[in-house]
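User: I would like to learn how to read helix packing and surface patches in a model, with each general idea tied to a case.

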Amino acid sequence: MAGPVEKLQQLATIEKEIAAALHSAGQALQELSKDNKPSQKQVENHTTTFIKTLEGVESGLTKQINYLTQVSTGQPHEGSSYAAQKDLQMAYHRIEHVRSRLNELEKLHSDPGIPRVGTFTKSYTMPAMHSDQQQYP
């Protein structure tokens, strides 16, 4: 998959193709508007060029839209770390949830008013995040 600079270059190429398509359409209309008999062959050539160029524009824009759809939905694609960042964020949320639940269980375990059926035999502490890791809210 292309990087951001290549994507911008592709969009610039599409923009030039749009200008070429408009130019072809203008030439076809100019030929048709001649007072003397317009050349049918010239009109057909300009119209064919317009249609082919327009098909290329449509194809290029479809590719760009598909790329943007992938980016905005978080699907993995080359050149983006959004999906990995989202996975990391969700993992941190799960860790915090587990810590919270373990703390609740520890409070219940240490409450003298609750009858004991068994005892905990292991310590359930989670490793602390490194200070160089970015934490997401």
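Analyst: The turns below take up helix packing and then the surface.

Analyst: This is a predicted model, in which local features need pLDDT of at least 70 and side-chain atom pairs count only at pLDDT 80 or more, while totals for chains, interfaces and linings use all residues. Residues are numbered from 1 along each chain as its sequence is written, and side-chain values use heavy atoms, with hydrogens and water left out.

User: How do the axes of α1 and α2 cross?

Analyst: Two packed helices are described by the angle between their axes and the distance between the axes. Here the axes of α1 and α2 come within 8 Å and cross at roughly 155°, with axes being lines fitted to C-alpha atoms, for helices over the stretch in contact, and angles running from 0 to 180 degrees between N-to-C directions. The two helices, α1 and α2, are therefore roughly antiparallel, a term for angles over 145 degrees.

User: Which residues form the nonpolar patch on the surface?

Analyst: Patches are made of residues with over 30% relative accessible area and no salt bridge (a side-chain nitrogen of Lys or Arg within 4 Å of a carboxyl oxygen of Asp or Glu), and nonpolar side chains (Val, Leu, Ile, Met, Phe, Trp, Tyr) are joined within 5 Å. In this model Leu8, Leu11, Ile18, Leu22, Leu61 and Ile65 form the patch, with about 550 Å² of accessible area together, by the Shrake-Rupley method with a 1.4 Å probe. The elements giving two or more residues to the patch are α1 (4-32) and α2 (40-73), and α1 gives the most, with 4 residues.

User: Where does Ile18 lie?

Analyst: Ile18 lies in helix α1 and is partly exposed, with a relative accessible area of 36%, where partly exposed falls between buried (under 20%) and exposed (over 50%). Asn45, in helix α2, is also partly exposed, at 37%.

Conventions
Patches are made of residues with over 30% relative accessible area and no salt bridge: like charges are joined within 9 Å, nonpolar side chains (Val, Leu, Ile, Met, Phe, Trp, Tyr) within 5 Å. Buried means under 20% relative accessible area, exposed over 50%, partly exposed in between (1.4 Å probe, protein chains only). Angles under 35 degrees count as roughly parallel, over 145 as roughly antiparallel, 65 to 115 as roughly perpendicular and the rest as oblique.
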